[in-house]
Amino acid sequence: MKLGGIFMNCIKRGWLYTTRKKGKSFLLFCILFLIAVFVLSALAIDKASSLAQDNLRKSLGGEFTIGYDYSEANPYLNVEAVDGGTIMYSTQQITPDLIEEISKIKGVQYCSATTETLTAFSTIDFFKGNIPIEEEFRNTTKILGVWKSEENKHFTSKQINLVEGRHITPQDKGKVILSKDLAVKNQIQVGDILKTDKGIDLEIVGLFQQNETESINEQVTSYDKIQNLMIADLATLIALENSPAIQGFNEMTVSISDPQSMQKIISTIKDIKTVDWKGFSIIENNENYDKATSSLQQISNLVSTFLVIIFIASVIILSLILTMWSRTRIHETGILLSVGIRKTSIISQYITEVLLIAVIAFFLSYFPATVVADQVGSYLQNAPEQIEISEDTEGLVADNRNGTSDDVANTNITMPDLDIQVQSEEMVMLFILGIGIVVISAGISSISTMRLKPREILTKMS
C-alpha cells in the first residue's frame, strides 16, 4: 500500500475512534487544552520579556572609558616634580585622529574626550564656593578641553544645555563656552573676547544653562562650581598649559548603542595599529544595563523553567493516561495485527487520534492564553516595582594636580511594560511543542502493547 493510502487510513481510523469514544475524547481535549493554554502563555511572556530587554538595552546603551594606564606597564608614563608636588602624565595621549577613527566604528554613538586645566582670569568675577581656597586660586576656574562639546557627557546627559551660540568643534581654536549665569554676572555675551592672565584670548561662542546647581550643604570649591565651568577646544588647552602634559586628551568615554556589542567594538578599537595600547587602559561600564535588565532576565529564566516543567509534566500525565487507555485496547490491537496491519501503522493511528483532538484544543487555546498571559505578565512585572541604579554622569575628570573626582547621580529606571501578544510565531511554537508532547507520550504509552507478539496479544485477549 502506498504511503499516502496508509496515512489516510490512519486518519480515517483515528477519526472514527475519537468520534465513537466521546467521553475519552472530551477528557483528552480538556487535558490538551490546559497544556496549550499554559504553553502558549509562557511563550508569549517569554517573547515579550525578550523584546523588553532588547528595547531597554538599546535605550540605555552602554559605555566604556579609554584613559591612561597609570601603572608601571605604561612605557609612556612620566612623573615630574613641580612646585608643591608632582605631576603624572603620559606622553602618548588621545589624539583627535584616533577619536575620529573610533567614532566611525559601527555602534559608536558619542566620543566624550576631555582634558582640563586651571586658568586665571583677573577680569572675571566668579561664583564663590563654600570650601576655602588659597589666594592664588581665587580668580581661577576649570577649563574643560573637549573634542566636540555636543558629544560631551555634560550635554548628552542633559546636565547642561546650550541656550545661546554654538558648540565647540574639532576645528576650533581659541573658542570657549561658559555658563549663562557667569555671563550675566559679568555682563558679557556671545562674541565677546575673554583675556586670560597668560595673555591668551578666548572668544565666547556659546552659553549653557545648568539644570542643577550644587546644594547649600554640598562642599565645593569656586573652580569646581558648574556655573564657573568653561568648555574649550583642545588647541586652547594646549596653548594654556604649554607643556608635554597636555598635547592631546587624557580620557575618552565612548558611548555605544547596544551594550551587547561592547566586546566587539573594544576588540575593533584595539586592532587600530597607530596606537600602542600598552599606554592605555579600557574600563567597561555595563553596570546600568546589567542592573536594569536583571528583573526582565529573571522573568525570562522563570518562564523558561516553567516551559521545561510544563513539557515534562505534560509528557508524564499524557503518557500515563494513554497507557491506561492502551491496555483497554488490546483486543482492538490484536485484531488489527491479525489482519496484517503493521505495528507502526497502529502506533501512527494512536498518535493521529491524539493529534486530531490536539489541533482543535490548540486553536481554541488562543483567546484564554492571551488573557492568562496578560494577567501573569502583569503580576511578574509588578513584583519588582522599580530598579534603582547608580548611573555615572559626567563630572570633572580626576586631575593629578587637584584631586577632584567624578560626580555620580542616582537615577531610577522603571522596568518597561511587557507588551504581551499571542501571535502566529507563538502558535507555530505551540504546535511544534504540542506535537512533540503528543508523539512522545503516545509512543511511550504504546511500548507495553507494541512489544508483545500477536500470539501474546491473543492470549491476553482470551
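Visitor: Why is Thr 236 called buried?

Guide: Welcome! This is a predicted model, and in it Thr 236 has a relative accessible area of 3%. Buried means under 20%, so Thr 236 counts as buried.

Visitor: Where is Thr 236 found, and what is it in contact with beyond its neighbours within four places in sequence?

Guide: Thr 236 is found in helix 6, residues 234–241. Leaving those neighbours aside, Thr 236 is in contact with Lys 173, Gly 174, Lys 175 and Leu 202. The C-alpha atoms of Thr 236 and Asp 172 are separated by 8.7 Å, with their positions 64 residues apart along the chain.

Visitor: What makes the pair of Thr 236 and Gly 174 a polar contact?

Guide: A polar atom of the Thr 236 side chain lies 2.9 Å from the backbone nitrogen of Gly 174. The cut-off for such a pair is 3.5 Å, and 2.9 Å falls within it.

Visitor: How do you know that the buried residues of helix 6 are on the same side?

Guide: The buried residues here are Leu 234, Thr 236, Leu 237, Leu 240 and Glu 241. They cover an arc of only 160 degrees around the axis, so they sit on the same side of helix 6. As background, an α-helix has 3.6 residues a turn, so residues three or four places apart point the same way.

Visitor: What covers the buried residues of helix 6?

Guide: The cover includes helix 3 (96–103) and several strands, among them strand 4 (108–120), strand 5 (140–146) and strand 7 (175–179). Strand 9 (201–210) and strand 10 (230–233) are also included.

Visitor: What is found at the start of helix 6, and what just after it?

Guide: At the start, a side-chain oxygen of Asp 233 reaches to within 3.2 Å of the backbone nitrogen of Ala 235. Just after helix 6, Asn 242 takes a positive phi of about 50 degrees, although Asn 242 is not a glycine. Asn 242 lies in the loop between helix 6 and strand 11 (251–256).

Visitor: Why does Asn 242 count as exposed?

Guide: Exposed means over 50%. Asn 242 has 66% relative accessibility, so the label fits.

Visitor: What makes Lys 158 exposed, and what is its phi?

Guide: Lys 158 has 54% relative accessibility, which is over the 50% cut-off, so Lys 158 counts as exposed. Its phi is near 65 degrees, a positive value in a residue other than glycine. Lys 158 has its place in the loop between helix 4 (153–156) and strand 6 (160–165).

Visitor: Why is the pair of Tyr 68 and Tyr 70 called edge-to-face?

Guide: The structure holds 10 aromatic pairs. In the pair of Tyr 68 and Tyr 70, the rings are 5.8 Å apart centre to centre, with 70 degrees between the planes. Centres must lie within 6.5 Å to pair, and planes over 60 degrees apart count as edge-to-face, so both values meet the rule. Ring pairs link Tyr 68, Tyr 70, Trp 277 and Phe 280 into a cluster.

Visitor: Why is Tyr 68 called buried, but Tyr 70 partly exposed?

Guide: Tyr 68 has a relative accessible area of 7%, under the 20% limit, so Tyr 68 is buried. Tyr 70 has 38%, in between 20% and 50%, so Tyr 70 is partly exposed.

Visitor: Which labels do Cys 30 and Cys 111 get, and how many disulfides are there?

Guide: Cys 30 counts as partly exposed at 28% relative accessibility, and Cys 111 counts as buried at 1%. A disulfide needs two cysteine sulfur atoms within 2.5 Å, and the count by this rule is 0.

Conventions:
Residues numbered from 1 in each chain as written. Predicted model: local features only at pLDDT ≥ 70, side-chain atom pairs only at ≥ 80, totals over all residues. Heavy atoms only, no water. Helix = DSSP H or I, 4+ residues; strand = E, 2+ residues; numbered from the N terminus. Buried < 20%, exposed > 50% of the residue type's maximum accessible area, 1.4 Å probe, protein only. Contact = heavy atoms within 4.5 Å. Polar contact = N/O pair within 3.5 Å; in protein donor to acceptor, adjacent residues only side chain to side chain. Arc of directions from axis to C-beta. Phe/Tyr/Trp six-rings, centres within 6.5 Å; stacked < 30°, edge-to-face > 60°.
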